[in-house]
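Welcome, and please open your viewer so that we can walk through this model together. At each stop you will hear what to select and what is there.

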Amino acid sequence: MASIGRPEEADGSLKTQVSPRAPAVRPTRDAHMNMVLVNQEQVLALRNALPAVTKVWLQEVLGVSETTWRSLRDGRPIRQSTYDRLVARFERTPQGAVVGSFAAATSRNHGVSADAR
């Protein structure tokens with residue numbers, strides 16, 4: 001029995017119609033994107049590099065959007081490429097230049113010996 005508006009094959013199965021504008025092959029998305037989870041100590045170091053948490057300063061100083069900042073602040077992962085850019089930009093800030101690297105800025109002892117604490 002033919003249904004209205006849906007063409008059938010001789011065996012009763014429905015024909016699949018493809019839009020002429022549809023791509024021949026759909027792009028595949030990598031289900032395992034390289035994502036990085038930044039710990040809250042690192043987020044605090046990034047926050048301290050900002051004069052204020054505004055979209056202008058986030059973009060100017062760290063090179064990230066407000067959406068990325070919210071992900072960082074809320075403990076959600078960000079893309080590896082975004083993290084790499086963020087670290088490079090942080091290391092160009094006065095805070096990053098003083099400690100020399102993002103890892104040093106966020107290490108627990110911050111280069112201070114146990115006696116000095």
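A helix on this tour is a DSSP run of H or I with at least four residues, numbered from the N terminus. With that in hand, you can place Thr-68 in helix 3. Please keep in mind that you are looking at a predicted model.

**The whole chain**

Colour the protein chain by secondary structure. You should find six helices and two strands, arranged along the sequence as β-α-α-α-β-α-α-α. The chain has 117 residues, of which 24% count as buried. Among its contacts with a separation of 6 or more, 48% join residues 24 or more positions apart.

**Helix 2**

Now select residues 55-62, which form helix 2. Which of its residues are buried? They are Leu-58, Val-61 and Leu-62. These three span an arc of only 90° around the axis, so they sit on the same side of helix 2. A general rule helps here: an α-helix has 3.6 residues a turn, so residues three or four places apart point the same way.

Turn the view to the face directed away from that buried side, and you will meet the exposed residues Lys-55, Val-56 and Glu-60. Then turn back and show what covers the buried residues: the cover includes helix 1 (40-48), helix 3 (66-73) and helix 4 (80-91).

**Out of helix 2 and into the loop**

Step on to Gly-63, which follows helix 2 and has a positive phi, near 70°. Next select Ser-65, in the loop between helix 2 and helix 3. Ser-65 has a relative accessible area of 31%, so this residue is partly exposed. Leaving aside residues up to four places away in sequence, Ser-65 touches Leu-58 and Gln-59. If you draw a distance from Ser-65 to Thr-54, eleven residues apart along the chain, their C-alpha atoms are separated by 9.5 Å.

**Helix 3**

Go on to helix 3 and highlight Thr-68, Trp-69, Ser-71 and Leu-72, which are buried. Their arc around the axis is only 160°, which means that they lie on the same side of helix 3. Helix 1, helix 2, strand 2 (78-79) and helix 4 are included in what covers them.

Zoom in on Thr-68 for a moment. Is Thr-68 buried or exposed? Its relative accessibility is 17%, so Thr-68 counts as buried, the cut-off being under 20%. Apart from residues up to four places away in sequence, Thr-68 touches Ile-78 and Thr-82.

At the other end of this stop is Gly-75, which follows helix 3 and has a positive phi, near 80°.

**The nonpolar core**

Show side chains for the next selection. The largest nonpolar core has 17 residues, and those with the most contacts inside it are Val-38, Leu-46, Leu-62, Trp-69, Leu-72 and Leu-86. Helix 1, helix 2, helix 3 and helix 4 each supply at least two residues of this core, and helix 4 gives the most, with four residues. In soluble globular proteins, nonpolar side chains tend to be buried together.

Centre on Leu-72 to see its surroundings. Not counting residues up to four places away in sequence, Leu-72 touches Val-38, Gln-40, Val-43, Leu-46, Ile-78 and Leu-86.

**Two helix pairs**

Hide everything but helix 2 and helix 4. They pack at an angle of about 85°, with their axes 8 Å apart, which makes helix 2 roughly perpendicular to helix 4. From helix 2, Gln-59, Glu-60, Val-61 and Leu-62 make the contact, and from helix 4, Arg-85, Leu-86, Arg-89 and Phe-90. By class, these residues are four nonpolar, one polar and three charged.

Swap to helix 1 and helix 3. Their axes come within 9 Å and cross at roughly 135°, so helix 1 and helix 3 are oblique to each other. Here the contact is made by Gln-40, Val-43, Leu-46 and Arg-47 of helix 1 with Trp-69, Leu-72 and Arg-73 of helix 3. Four of the residues in this contact are nonpolar, one is polar and two are charged.

**Last stop: Ser-81**

Finish in helix 4, where you can select Ser-81. With a relative accessible area of 40%, Ser-81 is partly exposed. Add Asn-34 to your selection: Ser-81 and Asn-34 are 47 residues apart in sequence, and 8.2 Å apart in space, C-alpha to C-alpha.

Note on methods:
Residues are numbered from 1 along each chain as its sequence is written. Side-chain values use heavy atoms; hydrogens and water are left out. Buried means under 20% relative accessible area, exposed over 50%, partly exposed in between (1.4 Å probe, protein chains only). The arc is that of the directions from the helix axis to the C-beta atoms. Contact means heavy atoms within 4.5 Å. A nonpolar core is a set of buried Ala, Val, Leu, Ile, Met, Phe, Trp, Tyr and Cys residues joined through side-chain atoms within 4.5 Å. Axes are lines fitted to C-alpha atoms, for helices over the stretch in contact, and angles run from 0 to 180 degrees between N-to-C directions. Angles under 35 degrees count as roughly parallel, over 145 as roughly antiparallel, 65 to 115 as roughly perpendicular and the rest as oblique. Ala, Val, Leu, Ile, Met, Phe, Trp, Tyr, Cys and Pro count as nonpolar, Asp, Glu, Lys and Arg as charged, and the others, Gly among them, as polar.
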